[in-house]
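Colleague: Got a minute to go through this one with me? Put it up on the screen and I'll ask as we go.

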Amino acid sequence: MKTAYFFLVTFLLTQSLFAQDLDFFEPKTTIAGYGELHYNNEKIGSAPSKSIWDFHRFVLFFGYSWTEKWSFKSEVELEHNFVKNGQGELELEQAYVNYHHSDLFGFNVGIILPSIGLINEFHEPPLFFGTERPVYHNLIIPTTWFGSGASIYGNYNGFEYRLTLFETLNSDKFSLSQGIRPGRMKGYKTDASRFLYSARLDYLNFPGLKVGGSFSFNNAKGDSTNIDVTISEFHAKYEANNITAVFEFGNISYNSGELRASRGYYFDLGYNIASLFQLNPKIIPFVRYSDINTAAETLSGGDNEKLYHFTEWMIGLNVKPLEQVVFKLDYSEQTRKLDDRKSKFINFGVGYMF
């Protein structure tokens with residue numbers, strides 16, 4: 001009933017607004033995209049190292065604006081350059097109708113991205129350090145996370161808000177090794193009797209700084225389990241004066257089952273050294289430290305809480321001849337807490353957006 005009321009109020013609000021938005025605007029089509037080619041070399045413990053080339057993502061955005069306020073936006077992604085027999089993925093990651101009434105109020109409905117963390121919504125390669133996305137955004141906040149839903153958003157006096165009603169997670173697929181990541185339904189015939197509720201608030205009034213957090217709740221259900229999930233995360237990014245600094249922390253709590261909490265954080269620090277020589281391309285060496293544990297608390301405790309707990313150091317370099325093109329190189333070393341096993345990774349790649 002609450003869900004029906006939400007959509008009814010949103011619909012009625014827009015009817016009186018639509019008629020005011022038809023004059024003096026030429027409808028237009030927008031095409032954009034991004035992509036990234038990676039070289040990955042990894043050596044896990046005593047196992048032989050392996051190396052691969054991977055055109056990891058090829059993405060096209062298509063949008064159409066009927067008026068200044070009404071538009072459609074979409075994103076189609078091909079992963080790993082190939083789709084056959086369970087290899088590679090072809091996904092519709094965004095497809096929604098957007099109404100932007102003013103800075104204070106807008107909404108969208110369709111296939112959307114929940115506004116949780118810094119990278120899930122803005123994940124183009126030139127926008128983050130590291131050839132691959134931070135492991136925090138793989139195992140704690142599962143980026144890219146997309147599905148059916150609706151959100152209301154706006155900005156008032158430097159505070160940016162977003163309230164989201166999003167499809168449920170499948171609790172049968174939660175795991176100690178990956179947390180909620182396998183429980184994403186990706187917009188495919190999801191259970192419409194329950195939702196994930198999410199609220200986010202950011203503060204933007206300090207030049208170059210974005211700081212905020214989000215809280216989400218879902219009564220997740222599968223065929224054999226029913227688990228209340230709460231996701232709390234804090235994020236901050238400073239990007240000005242040739243300095244880029246990022247910090248994110250996330251905690252996921254589960255009220256039943258073996259898995260009771262997933263937790264992690266990371267921070268990045270980089271500096272554009274090309275500014276010291278008055279050069280136009282950006283040359284940004286950076287360091288990253290991560291601490292990730294998808295099974296930070298379990299019902300049985302013991303080694304289960306150490307097996308998936310690791311720390312990671314990374315050093316790397318981002319070179320950006322243009323703001324939309326980036327060449328990346330990084331080396332990282334992960335240490336598993338259970339047995340002090342070391343894993344080493346060397347990655348380089350190229351990414352673009354337009």
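Colleague: Start with W145. Buried or exposed?
Modeller: Buried. This is a predicted model, and in it W145 has 1% relative accessibility. The cut-off for buried is under 20%, so W145 qualifies.

Colleague: Which aromatic ring does W145 pair with?
Modeller: F166. The ring centres are 5.9 Å apart and the planes sit at 90°. Edge-to-face means over 60 degrees, so that is what this pair is.

Colleague: Where do the two residues lie?
Modeller: W145 is in the loop between α2 and β6, and F166 is in strand β7. The pair ties together parts 21 residues apart in sequence. F166 is buried too, at 0% relative accessibility.

Colleague: How many aromatic pairs are there?
Modeller: The count is 20. Another of them is W53 with F348. Their centres are 5.7 Å apart, with planes at 80°, so that pair is edge-to-face.

Colleague: How far apart in the chain are W53 and F348?
Modeller: 295 residues. W53 belongs to strand β2, and F348 to strand β16, residues 342–353.

Colleague: And W53, buried or exposed?
Modeller: Exposed, at 58% relative accessibility. F348 is partly exposed, with 33%.

Colleague: Which residues make up the aromatic cluster?
Modeller: F234, F247, Y265, F267, Y289 and W313 form one cluster.

Colleague: On to packing. How many residues are in the largest nonpolar core?
Modeller: 30. W145, F174, I180, V229, I231 and Y254 have the most contacts inside that core.

Colleague: Which elements supply at least two residues each?
Modeller: α2 (136–139), β10 (226–240), β11 (243–254), β12 (259–271) and β13 (282–298).

Colleague: Take V229. What does it touch?
Modeller: Leaving out residues up to four places away in sequence, V229 touches F174, I180, S216, F217, N218, A220, I252, S253 and Y254. Apart from the largest core there is another one, of five residues, including W70, Y99, F107 and I152.

Colleague: Now pockets. What is the volume of the largest one?
Modeller: About 1300 Å³. It has 48 lining residues, and E42, E132, V135, N138 and F345 are the closest to its centre.

Colleague: Which strand gives the most to that lining?
Modeller: β2, residues 50–65, with six residues.

Colleague: How does the lining of the largest pocket divide by residue type?
Modeller: Eleven nonpolar, 20 polar and 17 charged.

Colleague: What about the second largest pocket, how much space is in there?
Modeller: About 880 Å³. Its lining has 39 residues, and K73, Q94, Y96, F122 and R162 lie nearest the centre. Among the elements giving two or more residues to this lining are β1 (28–44), β3 (70–84) and β4 (87–100).

Colleague: How does the second lining divide into nonpolar, polar and charged?
Modeller: 14 nonpolar, 15 polar and ten charged.

Colleague: Last one. Where is A245 found?
Modeller: In strand β11. A245 counts as partly exposed, at 26% relative accessibility.

Colleague: What does A245 touch?
Modeller: A236, K237, Y238, D268 and L269, again not counting residues up to four places away in sequence.

Colleague: And what separates A245 from F72?
Modeller: 33 Å between the C-alpha atoms. Along the chain, A245 and F72 are 173 residues apart.

Methods
Residues are numbered from 1 along each chain as its sequence is written. This is a predicted model: local features need pLDDT of at least 70, side-chain atom pairs count only at pLDDT 80 or more; totals for chains, interfaces and linings use all residues. Side-chain values use heavy atoms; hydrogens and water are left out. A nonpolar core is a set of buried Ala, Val, Leu, Ile, Met, Phe, Trp, Tyr and Cys residues joined through side-chain atoms within 4.5 Å. Buried means under 20% relative accessible area, exposed over 50%, partly exposed in between (1.4 Å probe, protein chains only). Helices (H or I, at least four residues) and strands (E, at least two) are DSSP runs, numbered from the N terminus. Contact means heavy atoms within 4.5 Å. On a 1 Å grid over the protein atoms alone, a cavity is a set of points where a 1.4 Å probe fits but cannot get out, and a pocket is an open set with protein on both sides within 12 Å along at least five of seven lines; lining residues have an atom within 4 Å of a point. Grid points are joined across faces, edges and corners, and a volume is the space filled by probe spheres set on the points. Ala, Val, Leu, Ile, Met, Phe, Trp, Tyr, Cys and Pro count as nonpolar, Asp, Glu, Lys and Arg as charged, and the others, Gly among them, as polar. Rings of Phe, Tyr and Trp (its six-membered ring) pair if their centres lie within 6.5 Å; planes under 30 degrees apart count as stacked, over 60 as edge-to-face and the rest as tilted.
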